[in-house]
Amino acid sequence: MSADPPGGSRRLTRRLVQLYIGLVLYGTSMALQLRATLGLDPWDVFHQGIAKRVPLSFGTVTVVVGAAVLLLWIPLRQRPGLGTVSNVLVVGPAADATLWLVPAPEAPAVRIPLLAFSIVLCGAATGLYISARFGPGPRDGLMTGLHRRTGRSIRLVRTGIEVAVLVTGFILGGSVGAGTVLFALAIGPLSQLFLRLFAIPTATGAGSEVVARGGAEDQIPDRSEI
């Protein structure tokens, strides 16, 4: 059977399925890391810190912050895609649904494996939704927009943003711990692994454009990642 033509319905369907499964799993991974209570990634430290100060759920705060970050794209002349808007709308509700379904464990024998599983799941979710190639998440777009406008490296811009949100979130009461460090060390290699695993072949049979370029201009998404 011949491959689908460029823009073929089967390839588009696969991309859409990967996008939305990836975003739902991303929200699920956020909630599971929160339930492990061993430390969050920088953006979720920020989200949790805000959630402790306002009468909003963790997932709702994630949506509001994502929308606010998306507004910062305007002066940076960034253009959102379907994946960008979907990221804002899907990840937060998925996180809240998981928090509602999954109780907080108390035993370290449960919390430690839960932390490890949540980070691996985040890597898989990253590979799914970025390989779909429907545009970066709002936080990633902020990073790449600042990179273009300032001329600073992606690594430097990302580090600056994540340090800022981590410190702010910690001051607001967000959870920083071993999970924060483990996430920082593991998410890059895991994301790259799953980006290759879930790459969608192009019309010429090559792998995903994102993978070929090392992951969307060398970015590994924050809570996207997202």
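In the predicted model, Arg 158 forms a salt bridge with Glu 162. The closest N and O atoms of the pair are 2.9 Å apart. The structure holds 1 salt bridge. Both partners belong to helix α8, which covers residues 154–172. Because Arg 158 and Glu 162 are 4 residues apart in α8, about one helical turn separates them. Buried status requires a relative accessibility under 20%. Arg 158 has a value of 19% and therefore counts as buried. Glu 162, at 18%, also counts as buried.

The fold is built from helices. The protein has 10 helices and 0 strands. From the N terminus on, the order of elements is α-α-α-α-α-α-α-α-α-α. The protein contains 226 residues, and buried residues make up 50% of them. About 10600 Å² is exposed. Carbon and sulfur atoms supply 69% of that area.

In soluble globular proteins, nonpolar side chains tend to be buried together. In this model, the largest nonpolar core has 31 residues. Leu 19, Tyr 26, Phe 58, Ile 119 and Tyr 129 have the most contacts inside this core. Four helices, α1, α5 (82–101), α6 (108–131) and α9 (178–197), each supply at least two of its residues. The largest contribution comes from α6, with 9 residues. A second, separate core has 15 residues. Among them are Trp 73, Leu 76, Met 143 and Val 157.

Helix α6 was also examined for its geometry. Its length is 24 residues, and it reaches 34 Å from its first C-alpha to its last. This span is close to the 34 Å expected at 1.5 Å a residue. Just after α6, Arg 133 takes a positive phi of about 60 degrees.

A further buried site lies in helix α1, which runs over residues 9–36 and includes Thr 28. The relative accessibility of Thr 28 is 17%, so this residue counts as buried. Neighbours within four places in sequence were set aside in listing the contacts of Thr 28. The remaining partners are Ala 94, Thr 98 and Leu 121. Of the helices that contribute to the largest core, α5 spans 82–101 and α6 spans 108–131. Ala 94 and Thr 98 thus fall within the range of α5, and Leu 121 within that of α6.

Technical notes: Residues are numbered from 1 along each chain as its sequence is written. This is a predicted model: local features need pLDDT of at least 70, side-chain atom pairs count only at pLDDT 80 or more; totals for chains, interfaces and linings use all residues. Side-chain values use heavy atoms; hydrogens and water are left out. Buried means under 20% relative accessible area, exposed over 50%, partly exposed in between (1.4 Å probe, protein chains only). Contact means heavy atoms within 4.5 Å. A nonpolar core is a set of buried Ala, Val, Leu, Ile, Met, Phe, Trp, Tyr and Cys residues joined through side-chain atoms within 4.5 Å. Accessible areas come from the Shrake-Rupley method with a 1.4 Å probe; for residues, only the protein chains shown count as cover. The expected span of a helix is 1.5 Å times one less than its number of residues. A salt bridge is a side-chain nitrogen of Lys or Arg within 4 Å of a carboxyl oxygen of Asp or Glu.
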